[in-house]
Amino acid sequence: MATSTSNHSHGIVNILHTLNANQRQAVTSPPISKLQIIAGPGTGKTKVLTSRVAFLLLEGKIPAEDIIVTTFTKKAANEMIERLTNMLPDINLDKLKIGTFHSICFKLIMKHGGKLGLSGFTIADERDKDFYIKEMLSELTSIEVSSFSPHDMNQFKGKKSFPKYHDLSPKIVSSQISHLKSKGITWDKYSKEKEYNACLDLFYTKYQNKLLRNKVLDFDDCLLACHELISKFPLTNIQHILVDEFQDTNEIQLQLMYKLSSNVTIVGDPDQCIYSFRNAQVINFQKMIDHYQGKQQSVDIITLDNNYRSTHDILGFSETIMKQEQDRKTKQLISQHAKTFGSPVYAQLASDIQESKWVVSQITTLLSLPNQLLHPQDMAILVRSAYQTRVIETELNRQGIPYHMIRGRAFWDRKEVVVMMDYLRIIANENDRVAILRTINYPKRGIGEKTLEKIDEFLRLVDSNSTVYEKLLTISEVKLSTKVKSNVNVYLKFISQAKEKLQAIGDDETKLVGLFDFISKESGLIKELETPTEIENIDEIKKVIGQFVPPPQDEDVPYRNILGQFLDSIGLNETIEEQQQHSNHPKYKGRVSISTIHGAKGLEWPIVFVPGLSEGLLPSNMALRDNEVTSINEERRCLYVAVTRAKLLLYISWYVESETDDNEQSWRMKISEPSRFINFIKNKGNVVSGFSQDSLKTLYEMLGKSYPSEFDFNKFHQAYLAKIESIISNFDGSRRRRRSNEFEDFTNIGFTEATNIHNRKKNTINHFLNRKAPRIHPLMKPSVNNKAPAYIPTRTGISLGTKPRSKAPPYIPNRSKKIP
DNA sequence: CACGTTTATGTTTTT
DNA sequence: CATAAACGTG
Ligand SMILES: Nc1ncnc2c1ncn2[C@@H]1O[C@H](COP(=O)(O)OP(=O)(O)OP(=O)(O)O)[C@@H](O)[C@H]1O
C-alpha cells in the first residue's frame, strides 16, 4: 500500500536515531543498489536489515508485497515482523514476502507451480526422502547395477553392507543428490557436468521420477523448482531482496537471489558460517561481487565493528578462539558495554553428568541472587549435538528448573507423533502413499510385511487420473485373505469418515481440534499407545493444531483444504515455539533455553553456558574422523557462534573421562581430552570460581536492579563455593564409582589466573572471577545421602520444548533455600 | 505370515 | 538407550 512520505518521515528519523553512523549509512543506501553488510556478531546486522526494510517502505516507497526478506528460520522471520510492526504501526505488512528461502519458494510454487505441472504438490520431509531413496535403490535391477563401473559404484559404499540396496548406502546416495540440487544442477543437466558419475545420474533421475509420480518436492526441490519457475516466468514486481545470514546460503540460493530482484541487500559474517554440511558456501560473498562486476555493476560493502551485545572479555575470548584459524584477518570488535566481568568461568569435570551438575548449580546460584536479578529466561545452555542435552535435562528436572528446547526435532521423530501426522496426511491428501503404508498397520490390523508389499505394489499401479486413495478403494482386485480384506476395509471406512468430517468443517480452522480428536480416537491410535508419555505427545500435537491460524491467502492461489494448510505450515520444520506463558513454577519467570549451537544462531542471552568443550564433542567425532582442516574450522566457528551469544556472563566447561573407568555403555567413545580450541587455557585443573562482591554489584547495575544493602554476600558466597566443591568431589555424579586413588587428579583444585586468556590492561576491567579465593581440598568420602534419586526423565521433556513435561521430582537436592 | 522377543549396533549440525 | 535387523513362535 502506498504511503505518503510526509506522514512517516518522522518515523524513519526515529529509526535512524537508534543507529550508529555506519549502520545508518547501510540503512539509507539507495534502494537501487547492491549492498553487502559484512560484520561480526552482535554488531546489529539484523537490526540494520530490519531498519533497511523500514527505509525501503517509507523512503523508497516500495510496496510491502514487492520486497522479499529471507531469514534463516521462521522464528527470525516472526521476530523481524514484530519489530517492523512496532517501528511502522501505520503500515500493513501482511503482504511483505518474508520467511526462509524454502518457505518463500514453496509459496511461490503453490501459487504458480501449475505452470510447471506442480500444482497440488506437497513437501517430502527427510523421512519421506529416505523412504523414496530406499525404494528407488531396492528397485534397481541387477542388470542396471552390473552395468556400472566399480569405480562409480564404490563412491556409494558405506561402512556397513546394505543387502537390500545392492550394497549402496542410502545416506550417501541421498546426500550426493542433495549436493547436486543445492548446486542448482537439475537431473537432466547433470550429464553435462565435468565431475560425472553415471551411477549418480541414474539414481538422481530415478529418484526425481519417483518424487514426481508421488507429487512431492523434497526440501532441495523447493529451491530448485522455484528457480526453474522464476527463470521461465520471472517475477517482475520484486524491487528489493534482503538476505539475512548470507554466509550460510548455498549456490542455488545465490542464484535465486540474483533472479528474484536486481536490488539486493545482504548481511552476514564469514566467521559464523556453520552450515557447510548443507552446502553453504562462504565464497558466496565473493561470488556475488564477481557476478555483478561481470555485469559492470558495483557492489557496495559496509562493515560494522561496534558490538552492542557482549562484554569486552567475551569478545576477547571469542577472538582468541577465532584467530587460531590459519590466514584469518584479526577482527577488532569494540564492545559498547562500559563494564566487563573478566574471562569466562570455566571448569573441567570428570563426566557428562558431573558437568551437568556443575552447570545447573551455577544456574541455581544465579537464580537465587536476591531481588530477582536473573530469571531462567535470561540463560541458555548451548551444545554441539542434540544428544548432549539429555543429561542436562535430567539435572534441570531434578532441580526443578523450567527449561525449553529451541527447535528440538526429537518430538516430531517420536513414533506416535509420526503416525498421528501420517493419519492427518492421508486424510488431507489422497496421494500420500507413504502415509498410507505407515498407518495401515498401526495400530496392528494383521497386515504384515508381505501383505503390505502386495498392497504397495498395487497402489503404485495408480494412473494419473486417480489418486492413491481411490486406488486403495479398489483393493478387492488383489487376492488377499478375507480377514485381511475386512481389516483393510475397517481402515478405509475410518479414513472416509474422517475425510467427510474434514469436508464438513470447510475452512474453519477452529474445528480442526474436533477432527483431530476424532482421528486420534477412531483410528485406534490412542488405545494402542501404552505410556502416558505417548498420549501426552498426542495432546501436544493437538495443542499445535489448536494454535494454527491459516496464513492470509492470495486471491489466486489454488485451493488447499484446511488440514493440508496446517500440514504445509509444519512441513518445512518451521513450527514456532509456544510462547513462554505461565510456568509451572511461579517462582521463576520463563524458562532456561537449551539448544544446539546451530539452533541458537542469531539469538542472544545475558548468561550463556557452553558445556562439552572436549575432543569428540566440539570438535565432534565426525569432524575428527575425516580430519580435514575445513571440518575443524567449521567446528571452531561453531564454538565462536556459541560464545558470541553471551551478553554478560559466559560459562564454559568440559569433561575428560578416565581411561580405566569402563561404564555400562562401553560402545560410547571415551572423551579423554579437552577441546583443542581451548588449548590456550593453561591451568585446566578443576577451577572453582567465585563471585567477587564488586563484580556482583556491577552485574546488578548493568541489569538495572538495585543491589540489596542487607544482602549477606559472604554467606552466599560460601554456600556457593561449598556447592560447587561438593559437585566436584562427589563421584556419585560421574557415571560410575571410582577407585579412591583416582581422586588424586583433583587435589590441585583452586583458582587460576584468568587474565592469561587474552592480553589486556589489568586495571580497567572488573573481574567476575574472584582470584583470591582459597584452595579447596576435595573431601574424599562419597557421602551416602548424596545419592541421586532414581529418577528417569521422560523423553517428553523434549517435545516441542514447550514446557518441562514432568513435574519436578519429589526430592530436590542441594537447592538453595532462598530463591526469591 | 504376523507379531513378539532377542541381539547387534551405533550418536553432528537442519531447511 | 534406542533403533533396526535377525530370530523364534503360534
Ligand atoms: N546502534 C545500536 N544501539 C544499541 N543497540 C544496538 C544497536 N545495534 C544493535 N544493537 C543491539 O545489539 C544486539 C545485537 O544485534 P543483532 O542481533 O542485530 O546483531 P547481529 O549482527 O545480527 O548478530 P549475529 O551476527 O550474532 O546474528 C541486539 O540486542 C540489538 O538490539
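In this predicted model, a backbone N or O atom of Gly448 lies 3.0 Å from a phosphate oxygen of DNA strand B, and a backbone N or O atom of Gly446 is placed 3.2 Å from a phosphate oxygen of that strand. Besides DNA strand B, the protein also holds a ligand, and the shell around this ligand draws at least three residues from each of domain 1 (1-117 + 224-308) and domain 3 (323-402 + 585-730). The points below take up the DNA strand, the ligand, a parallel sheet and some details of the backbone.

**The surface near DNA strand B**

- There are 29 residues around DNA strand B, and those that come nearest are Arg384, Ala386, Arg407, Thr451 and Arg668.
- Ala386, one of these nearest residues, has a polar backbone atom 2.5 Å from a phosphate oxygen of DNA strand B.
- Helix 20, which spans residues 449-459, gives the most to the surface near DNA strand B, contributing three residues.
- By residue type, this surface is made up of eight nonpolar, 11 polar and 10 charged residues.
- Looking from the side of the nucleic acid, 56% of the atoms of DNA strand B within 4 Å of the protein belong to sugar or phosphate, while the rest belong to bases.

**The shell around the ligand**

- The ligand is surrounded by 18 residues, of which Gln23, Lys45, Thr46, Arg309 and Glu604 are the closest.
- Helix 3 (residues 45-58) gives the most to this shell, with three residues.
- The shell divides into three nonpolar, 10 polar and five charged residues.
- Two backbone contacts can be described here: a backbone N or O atom of Gly44 lies 3.1 Å from an oxygen atom of the ligand, and a backbone N or O atom of Lys47 lies 3.0 Å from an oxygen atom of the ligand.
- Glu604, listed among the closest residues, makes its approach through the side chain, where an N or O atom is 2.5 Å from an oxygen atom of the ligand.
- Taken alone, the ligand exposes 640 Å², and the protein buries 83% of that area.

**A parallel sheet of six strands**

- Six strands form an open sheet with parallel pairing, and their order across the sheet is 11-16-15-12-14-13.
- Strand 11 (345-349) and strand 13 (403-405) stand at the edges with a single partner strand each, so one side of each is left without a neighbour in the sheet.
- On average, and with direction ignored, neighbouring strands of this sheet are turned by 20° against each other.
- Within the sheet, strand 15 (residues 605-610) and strand 16 (residues 646-655) run parallel and are joined by five bridges.
- Ile607 stands opposite Leu649, the latter being in strand 16.

**Details of the backbone**

- The peptide bond from Tyr442 to Pro443 is cis, with omega near 5°, and Pro443 is found in the loop between helix 19 (433-439) and helix 20.
- Helix 20, which follows that loop, is also the helix that gives the most to the surface near DNA strand B.
- A cis peptide bond also joins Leu618 and Pro619, with omega about 5°, and Pro619 belongs to the loop between strand 15 and helix 27 (621-626).
- Lys61, a residue other than glycine, has a positive phi near 55°, and its place is in the loop between helix 3 and strand 2 (67-70).

Notes: Residues are numbered from 1 along each chain as its sequence is written. Chains are lettered from A and ligands numbered from 1 in the order in which they are written. This is a predicted model: local features need pLDDT of at least 70, side-chain atom pairs count only at pLDDT 80 or more; totals for chains, interfaces and linings use all residues. Side-chain values use heavy atoms; hydrogens and water are left out. A residue is near a molecule or strand if one of its heavy atoms lies within 4 Å of it. A polar contact is a pair of N or O atoms within 3.5 Å; within protein, one must be able to donate a hydrogen and the other to accept it, and residues adjacent in sequence count only if both atoms are side-chain atoms. Helices (H or I, at least four residues) and strands (E, at least two) are DSSP runs, numbered from the N terminus. Ala, Val, Leu, Ile, Met, Phe, Trp, Tyr, Cys and Pro count as nonpolar, Asp, Glu, Lys and Arg as charged, and the others, Gly among them, as polar. Two strands pair if DSSP finds at least two bridges between them. Axes are lines fitted to C-alpha atoms, for helices over the stretch in contact, and angles run from 0 to 180 degrees between N-to-C directions. Accessible areas come from the Shrake-Rupley method with a 1.4 Å probe; for residues, only the protein chains shown count as cover. Domain bounds come from an automatic or database domain assignment.
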